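Got your viewer open? Here is a short tour, stop by stop, with something to select at each one.

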Amino acid sequence: MNLHEYQAKTLLTGYDVVTPRGEAVLSAVDAGRAARHLGGRVVVKAQIHAGGRGKAGGIKVVDGATEAERIARELIGAKLVTPQTGPSGRVVERLLVEEQLSIRNELYLGILIDRRLRQVVVIASAAGGMEIEQVALDSPELIYRLEVDSRLGLLDFQVRCVADAIGLTGSSAKQAASLLQGLYRAFVELDASLIEINPLVVTEVGDVIALDAKITLDDNALFRHADLMRLRDLAEEDPLETEASKYSLSYIRLDGNIGCMVNGAGLAMATMDIVKLAGGDPANFLDVGGGANAEQIRNAFRILISDDKVSAVLINIFGGILRCDVLAEGVIGAVAELDVRVPVVIRMEGTNVDEGRRLLQKSGLNFTTVNSMSEAAKQVVRLAS
């Protein structure tokens with residue numbers, strides 16, 4: 001679950017992470033009021049779940065409450081298109097108005113989980129304010145990585161190493177050390193999968209401040225954080241992905257035209273690969289899980305065909321806990337209930353596969369059943385075109 005910048009900063013201040021003074025607002029009038037309260041010279045920031053806001057015109061430096069109000073009126077309701085939003089962009093509904101700072105230099109600081117190492121990793125760089133992925137490609141020597149043993153936590157000497165690696169000394173190094181320890185505590189206690197400060201700035205007087213903040217929470221741990229669930233902004237999520245989450249379905253919308261329904265993440269990835277190999281483009285990743293029932297299958301199918309880009313559906317199921325006859329019942333029920341105008345290709349193997357195929361044939365509905373993944377991919381690509 002992604003958080004807005006203002007939400008992330010509110011949480012981080014509880015862990016002794018210093019951030020600029022600021023206020024989140026919903027209207028241009030409130031933006032002007034906030035600017036006056038903060039002294040007039042402020043930065044107005046669009047709050048969307050995407051990076052690259054500055055390049056898209058979503059971050060404006062202003063001088064005075066009147067200008068802040070004018071800029072806010074232009075931004076609220078506008079659509080920002082960044083590399084992370086895709087061409088559809090995101091509509092701005094909320095702004096963060098912050099005090100301006102006199103900045104000496106910009107740094108980068110992040111904490112994430114390295115899934116290959118299965119460890120928490122701190123990443124730091126003296127090249128802040130830029131896309132860290134591009135820095136890693138162009139100047140890998142500017143990236144400092146520190147692996148943290150979760151049994152020991154982030155140790156004092158490691159914190160000093162990070163500060164030294166990004167060129168901090170004296171009081172600034174001490175402030176950065178305290179800030180990093182706070183970030184690590186927040187990462188662990190909030191069950192985050194990413195905390196990113198870009199840029200982390202050093203002001204002209206040597207203060208170290210988190211000028212921007214991004215937090216991604218681990219969805220699988222949210223049952224421990226009922227208080228954090230209220231921070232979820234459904235307007236920032238794909239409506240179909242939100243709908244799928246109501247039924248415990250793993251759904252991610254993609255750019256293709258072939259809808260894929262699969263049980264198991266590994267099989268889902270393999271299915272998308274074989275569709276691409278056959279010359280097609282998946283419209284989604286949809287994993288109904290190993291223990292789905294007929295009702296979940298119906299809801300999954302409904303969500304799948306709600307995407308108007310889908311011109312054919314491939315259902316690829318290996319029956320184990322989810323029996324093939326249960327799958328067939330769910331699909332038959334969904335197709336009979338909904339006005340399905342796209343071809344449906346079904347490949348299934350496993351528990352009760354013969355019964356499942358018998359139900360599909362007996363239904364009288366227009367299904368294409370195949371026996372292999374390769375054949376299924378070729379058929380669905382042909383029918384989609």
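## Stop one: around Asp 191

Keep in mind that this is a predicted model. Select Asp 191 and show what it touches: beyond residues up to four places away in sequence, you get Ala 186, Leu 217, Asp 218, Ala 221, Arg 224 and His 225. Turn on polar contacts and you'll see the Asp 191 side chain joined to that of Arg 224, at 3.1 Å. As for the backbone, Asp 191 sits in the loop between helix 6 (170-189) and strand 10 (192-203). Buried or exposed? Asp 191 has a relative accessible area of 18%, so it counts as buried.

## Stop two: the cores

Leu 217, already on screen as a contact of Asp 191, is also one of the residues with the most contacts inside the largest nonpolar core. That core has 44 residues, and Leu 12, Leu 109, Val 122 and Leu 183 are also among its most connected members. Helix 6 supplies the largest share of this core, nine residues. Apart from it there is another core, of 34 residues, including Leu 240, Ala 244, Ala 300 and Val 335.

Now go back to Leu 12: setting aside neighbours within four places in sequence, its contacts are Val 17, Leu 183, Ala 186, Ile 195, Ile 197, Ala 213 and Ile 215.

## Stop three: the cysteines

How many disulfides does the structure hold? Zero. Select Cys 260 and Cys 324: the closest cysteine sulfur to that of Cys 260 is the one in Cys 324, but at 18 Å it is too far for a bond. Cys 260 is buried, at 2% relative accessibility, whereas Cys 161 is partly exposed, at 33%.

Definitions and conventions
Residues numbered from 1 in each chain as written. Predicted model: local features only at pLDDT ≥ 70, side-chain atom pairs only at ≥ 80, totals over all residues. Heavy atoms only, no water. Helix = DSSP H or I, 4+ residues; strand = E, 2+ residues; numbered from the N terminus. Buried < 20%, exposed > 50% of the residue type's maximum accessible area, 1.4 Å probe, protein only. Polar contact = N/O pair within 3.5 Å; in protein donor to acceptor, adjacent residues only side chain to side chain. Contact = heavy atoms within 4.5 Å. Core = buried A, V, L, I, M, F, W, Y, C linked by side-chain atoms within 4.5 Å. Disulfide = S-S within 2.5 Å.
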